[in-house]
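Colleague: Hello! Could you walk me through this model, one question at a time?

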Amino acid sequence: LWFQLSPLSFYQVNRGQAERLYGLAGEYAQLTGEELMLDLYCGAGTIGLYLAGKARRLLGVEIIPEAVENARENAKLNGIENGEFFCGDAAEAAQMLAQRGERPDVIYTSAPTIFAAASAVIAAKRLKVPCVVEVRDIWPESIVEYKGMSRKNPVILALYALEKWLYKNADRLIFTMEGGPDYIKEKHWENKIPLAKIDNLNNGVDLAEFDENCQKYTLDDPDLLDESTFKVVYTGSIRLVNNLEKIVEVAERMQQMGEEKIKFLLYGDGTEREQLIEECRQKGLCNIRFPGKVEKKYIPFILSKSDLNINHVKQTGIMRFGCSLNKQFDYFASGKPVLSDLTVNYDLIQRYGAGVTLPNQDTESLCREILRFAHMSKDEYQSICRNARRAAGDYDYRTLTGKLEDILQTAVSDYRGR
């Protein structure tokens, strides 16, 4: 497919992952060619147009006029004649469909904010179909934890009220963190929001793609390929919230201790990268590098050459409900131990024995654990590696797809049984 874009239209720039994502969306939908497919907040129409050939008709809904125009042009550009694009929000689209006497079978919303999810719930009610809401980030609790806003702030109180309404009116809730029920109970909402309608579906990894990319996309990086060193690897953003100043402190302490075989490789980019590089230069550190940003397809090879993968971001109270970092599942897939200094409930690293989680972000404790892994017996080390890979298997996308299908089928059958 070919797409025309404008500055205001959304487009998934990671083409390879976009194709995988759209393909999985098609599997979830189980399209037979007889369906009316509703693509909410469709942007330039990429997802809907990708799947349009498998449905009877496509209706794309988007609130940005320029993106709607892009979507219409993209349909013409690709010879797709069964697509219609409408400028408005989800509630307006629902009203239009209701007037036409049309209705989809199910609405599934994966929303980064409660506003988009709320509009999908309203649309579902008007169309008289079930709505399943996936909660990837707990709003507004995340604002309170990360931004330090008061829970008594009038804006925050209004957002809590909207959140409660959303959870109450959704037919099922999927939290990507296991502590979703804990959050509901902490808010004392369990009388209005039955815990039985809450499911958990973590992030995960495509193991087949991971293994394929590991062999297909390699890097000629001498430090990464040096088998005489013990490599501690981080992949991800390098911003203030990631608190990688702590890793620099650990590297400095290791160098002071004379541990020349321990090397730190921090892959990624962000606002703090150049500052940290300069700090390392001023301190004369030769055991830490910041190779920069790499394409996602190279991550499997990088992690396969590491000896210890490190989870490290700023600690916040929101982690009491669990944590589902994308990079953690890549770490598991590499079959290498994970060292984390994030205190979280429902800790998968501890559950699977895939590494170690430290109770604090203390420099000496991190140094001690890294050295323990570096000098660990081969049998113990390999056992932890196998545990990490086993964890990845349980969170492979194919396994998660089956769980999501079960949740959607339950939502539909429960709704029809009312």
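**Strands, helices and cores**

Colleague: How many bridges pair β6 with strand β7 (residues 198–200)?

Modeller: Helices (H or I, at least four residues) and strands (E, at least two) are DSSP runs, numbered from the N terminus, and two strands pair if DSSP finds at least two bridges between them. β6 and β7 meet that in the parallel sense, and F175 has N200 of β7 as its bridge partner. The count of bridges is three.

Colleague: Before we go on, what kind of model is this, and which atoms do side-chain values use?

Modeller: This is a predicted model: local features need pLDDT of at least 70, side-chain atom pairs count only at pLDDT 80 or more, and totals for chains, interfaces and linings use all residues. Residues are numbered from 1 along each chain as its sequence is written, and for side-chain values hydrogens and water are left out, leaving heavy atoms.

Colleague: Thanks! Which residue of β6 is the bridge partner of E134?

Modeller: Strand β5 (residues 131–135) runs parallel to β6, joined by four bridges. V132 is partnered there by R172. For E134, the partner is I174.

Colleague: Are the residues of β6 on its two faces buried or exposed?

Modeller: With a 1.4 Å probe and protein chains only, buried means under 20% relative accessible area, exposed over 50%, and partly exposed in between. In a regular strand, side chains alternate between the two faces of the sheet. On one side of β6 (residues 172–175) sit R172 and I174, on the other L173 and F175, and all of them are buried.

Colleague: And how many residues of β5 are buried?

Modeller: C131, V133 and V135 point one way from β5, while V132 and E134 point the other way, and all are buried. That makes β5 mostly covered, with the buried count being five of five.

Colleague: Which strands are the edges of the three-strand sheet?

Modeller: The sheet is open, with parallel pairing in the order β1-β2-β3. Its middle member, β2 (residues 57–62), is joined to β1 by five bridges, with R57 as the partner of L36. Pairing on one side only, the edge strands are β1 (36–40) and β3 (83–87).

Colleague: What average twist does that sheet have, and which helix packs on it?

Modeller: From one strand to the next, the twist averages 20°; angles run from 0 to 180 degrees between N-to-C directions, and axes are lines fitted to C-alpha atoms, for helices over the stretch in contact. The helix packed on the sheet touches β1, β2 and β3 (contact means heavy atoms within 4.5 Å), and its direction makes about 145° with that of β2. That helix is α4 (residues 90–100).

Colleague: Why is one side of β10 left without a neighbour in the six-strand sheet?

Modeller: This open sheet is parallel and has the order β10-β9-β8-β11-β12-β13. β10 (288–292) stands at an edge, as does β13 (355–357), so each is left with a single partner strand.

Colleague: At what angle do α11 and α16 pack?

Modeller: Helix α11 (residues 245–256) and helix α16 (residues 363–374) have axes 9 Å apart. K246, E249, V250, R253 and M254 of α11 make the contact with T363, E364, L366, C367, I370 and L371 of α16. The packing angle is about 65°.

Colleague: Is Q255 buried, partly exposed or exposed?

Modeller: Q255 lies in helix α11. Apart from neighbours within four places in sequence, Q255 is in contact with G284, L285, C286 and N287. Because its relative accessibility is 28%, Q255 counts as partly exposed.

Colleague: Last one: which helix gives the most residues to the largest nonpolar core?

Modeller: A nonpolar core is a set of buried Ala, Val, Leu, Ile, Met, Phe, Trp, Tyr and Cys residues joined through side-chain atoms within 4.5 Å. The largest has 64 residues, and F264, I288, F332 and I370 have the most contacts inside it. A second, separate core of 43 residues includes A117, I138, L173 and V344. With six residues in the largest core, the top contributor is helix α17 (residues 378–394).
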